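Student: I would like a close look at a single part of this structure, with its surroundings explained step by step. Please keep the explanation plain.

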Amino acid sequence: QVQLVESGGGSVQAGGSLRLSCAAPEDTYNRFVMGWYRQAPGKSREGVAVSYPGSGSTFYADSVKGRFTISRDNAAKTVYLQMNSLRPEDTAMYYCAATSADVGALTAMGALGVRGYWGQGTQVIVSS
């Protein structure tokens with residue numbers, strides 16, 4: 001069973017920043033699209049960002065573009081989500097996920113949390 005371990009969630013005021021981390025097994029990190037999705041109470045799952053292996057190409061949801069940055073540390077086999085200019089509507093449980101790299105970015109975003117692997121989640125709360 002592939003284990004993805006998230007950390008870095010917490011509470012912050014609007015306009016603040018948080019960085020989420022996700023440690024992945026080497027094979028998963030090297031072969032899969034790594035990404036983040038979130039789910040708020042009463043709302044549907046939303047893909048936030050993905051990063052492709054090798055090229056490191058990234059793709060973001062419109063709701064976070066320009067504010068969030070996904071990155072990889074190849075030595076540590078860790079994926080990060082830097083979240084700046086946080087808004088109350090960013091409040092959600094954030095999950096690290098891995099899914100097939102054989103699909104385009106939009107498909108990969110939709111597959112996070114559905115196909116592949118995902119972690120237990122880390123809570124992010126943004127207060128106004």
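Is Asp-90 buried or exposed, and at what relative accessibility?

Tutor: The model is predicted, and every value below is computed from it. Asp-90 counts as buried because its relative accessibility is 0%, and the cut-off for buried is under 20%.

Begin with the charged partners of this residue. The side chains of Arg-38 and Asp-90 form a salt bridge, with 2.9 Å from N to O. This contact links distant parts of the chain: Arg-38 belongs to strand 4, Asp-90 to the loop between strand 8 and strand 9, and 52 residues separate them. Arg-38 has a relative accessible area of 6%, so Arg-38 is buried too.

Asp-90 also takes part in a salt bridge with Arg-67, where the closest N and O atoms are 2.7 Å apart. Here again distant parts of the chain are linked, since Arg-67 sits in the loop between strand 6 (58-60) and strand 7, 23 residues from Asp-90. Both Arg-67 and Asp-90 are buried. These contacts belong to a network of salt bridges that links Arg-38, Glu-46, Arg-67 and Asp-90.

The whole structure has five salt bridges. One of them lies outside that network's list of residues: Arg-31 pairs with Asp-27, and their closest N and O atoms are 2.9 Å apart. Arg-31 and Asp-27 are four residues apart in helix 1, which means that about one helical turn separates them. Asp-27 counts as partly exposed because its relative accessibility is 44%.

Now follow strand 4, which holds Arg-38, to its aromatic contact. The structure holds two aromatic pairs. A pair of aromatic rings is described by the distance of the centres and the angle of the planes. Tyr-37 and Tyr-95 form a stacked pair, 4.9 Å from centre to centre with 10 degrees between the planes. Tyr-37 lies in strand 4 and Tyr-95 in strand 9 (residues 92-99), 58 residues apart, and so the pair links distant parts of the chain. Tyr-37 is buried at a relative accessible area of 4%, and Tyr-95 is buried at 19%.

In the other pair, the rings of Phe-32 and Tyr-117 have centres 5.6 Å apart and planes at 65 degrees, so this pair is edge-to-face. Phe-32 is in the loop between helix 1 (26-31) and strand 4 (33-39), while Tyr-117 is in strand 10 (residues 117-118), 85 residues apart. Phe-32 counts as buried at 14% relative accessibility, whereas Tyr-117 counts as partly exposed at 28%.

Rings also meet charged side chains. Arg-72 lies over the face of Tyr-29, 4.7 Å from the ring centre. Lys-65 lies over the face of Phe-59, at 6.0 Å from the ring centre.

Strand 9, the strand of Tyr-95, also carries one end of a disulfide. A search of the whole structure finds one disulfide. This bond joins Cys-22 to Cys-96, with 2.0 Å from S to S. The link is left-handed, with -70 degrees about the S-S bond. Cys-22 is in strand 3 and Cys-96 in strand 9, 74 residues apart, and the pair links distant parts of the chain. Cys-22 and Cys-96 are both buried.

Cys-22 leads on to a sheet. Four strands form an open sheet in the order 1-3-8-7, with antiparallel pairing. Strand 1 and strand 7 (68-73) stand at the edges, each with a single partner strand, so one side of each has no neighbour in the sheet. From one strand to the next, the twist averages 15 degrees.

Strands of a sheet pair through backbone hydrogen bonds, either parallel or antiparallel. Strand 1 (residues 5-7) and strand 3 (residues 18-23) are joined by three bridges. In strand 3, Cys-22 is the bridge partner of Glu-6, and Ser-21 is the bridge partner of Ser-7. Strand 3 and strand 8 (residues 78-83) run antiparallel and are joined by six bridges. Arg-19 stands opposite Gln-82 in strand 8.

To return to the starting point: Asp-90 is buried at 0% relative accessibility, in the loop between strand 8 and strand 9, and is linked with Arg-38, Glu-46 and Arg-67 in a network of salt bridges.

Technical notes. Residues are numbered from 1 along each chain as its sequence is written. This is a predicted model: local features need pLDDT of at least 70, side-chain atom pairs count only at pLDDT 80 or more; totals for chains, interfaces and linings use all residues. Side-chain values use heavy atoms; hydrogens and water are left out. Rings of Phe, Tyr and Trp (its six-membered ring) pair if their centres lie within 6.5 Å; planes under 30 degrees apart count as stacked, over 60 as edge-to-face and the rest as tilted. Helices (H or I, at least four residues) and strands (E, at least two) are DSSP runs, numbered from the N terminus. Buried means under 20% relative accessible area, exposed over 50%, partly exposed in between (1.4 Å probe, protein chains only). A charge sits over a ring if NZ of Lys or CZ of Arg is within 6 Å of the ring centre and within 35 degrees of the ring normal. Two strands pair if DSSP finds at least two bridges between them. Axes are lines fitted to C-alpha atoms, for helices over the stretch in contact, and angles run from 0 to 180 degrees between N-to-C directions. A disulfide is a pair of cysteine sulfur atoms within 2.5 Å. A salt bridge is a side-chain nitrogen of Lys or Arg within 4 Å of a carboxyl oxygen of Asp or Glu.
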